[in-house]
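Reader: I am new to reading protein models and would like a close look at a single part of this one. Please take one helix and go through where it sits and what surrounds it.

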Amino acid sequence: MEVHAIYKNFRMSPQKVREVVRQVQGMNAVQALAVLKVVPRKSARAVAKTLQSAIANAENNHGLKAETLRVSGAFAQTAGSFKRFVPKARGSAGPIIKRNSHIKIVLSDN
């Protein structure tokens, strides 16, 4: 059985989140949480929060044990971006794109 949790519109670029997400793919869920606690990045806290939510979904909604769960998929996808402009030389403007991401964690029990 597969259980998932999604953290939508996390205010960080998906490229930065993917570096952390790749570290926990295929790991045991409890072991992945332990790894994320020592990773010194802002995105690691968001991925850990999403993983805890997925574990809670599995325990409360499907009656599964946390020790038997495995991270079968972890994704960081592009969300909507904020577009801003900063003043440049001679009265022109330069674009700034503030990127957001969706974090999805999929757990399986085998």
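Author: What follows is a walk along helix H3 and its surroundings.

The model is a predicted one. Helix H3 covers residues 42-62. A simple check on its length comes first. At 1.5 Å a residue, the 21 residues of H3 should span 30 Å, and the C-alpha atoms at its ends are 30 Å apart, so the two values agree.

Next, which residues of H3 are buried? They are Ser43, Ala44, Ala46, Val47, Ala48, Thr50, Leu51, Ala54, Ile55 and Ala58. The cover over these buried residues includes strands S1, S2 and S5 together with helices H1 and H2.

Two of the buried residues can be taken in turn. Ser43 lies in H3 and has a relative accessible area of 1%; because buried means under 20%, Ser43 counts as buried. Neighbours within four places in sequence set aside, Ser43 is in contact with Phe10, Met12, Lys16, Val17 and Val20. Of these contacts, Val17 belongs to helix H1, which runs over 14-24, and Phe10 belongs to strand S1, which runs over 2-10.

Leu51 is the second case. With neighbours within four places in sequence again set aside, Leu51 is in contact with Ala29, Ala32, Leu33, Leu36, Val71, Ile105 and Leu107. Helix H2 (29-38) holds Ala29, Ala32, Leu33 and Leu36. Val71 falls in strand S2 (70-78), while Ile105 and Leu107 fall in strand S5 (101-108).

These contacts lead to the largest nonpolar core, which has 31 residues. The members that touch the most other members are Val17, Leu36, Val47, Leu51, Ile105 and Leu107. Strands S1, S2 and S5 and helices H1, H2 and H3 each supply at least two residues of this core. H3 gives the most, with eight residues.

The end of the helix has a feature of its own. Just after H3, Gly63 takes a positive phi of about 70 degrees.

A positive phi also turns up away from the helix, in residues that are not glycine. In Asn9, phi is near 55 degrees. Asn9 is in strand S1, one of the elements that cover the buried residues of H3, and at 49% relative accessibility Asn9 counts as partly exposed. Arg90 has a positive phi of about 60 degrees and is placed in the loop between strand S3 and strand S4. At 87% relative accessibility, Arg90 is exposed.

Conventions. Residues are numbered from 1 along each chain as its sequence is written. This is a predicted model: local features need pLDDT of at least 70, side-chain atom pairs count only at pLDDT 80 or more; totals for chains, interfaces and linings use all residues. Side-chain values use heavy atoms; hydrogens and water are left out. A nonpolar core is a set of buried Ala, Val, Leu, Ile, Met, Phe, Trp, Tyr and Cys residues joined through side-chain atoms within 4.5 Å. Buried means under 20% relative accessible area, exposed over 50%, partly exposed in between (1.4 Å probe, protein chains only). Helices (H or I, at least four residues) and strands (E, at least two) are DSSP runs, numbered from the N terminus. Contact means heavy atoms within 4.5 Å. The expected span of a helix is 1.5 Å times one less than its number of residues.
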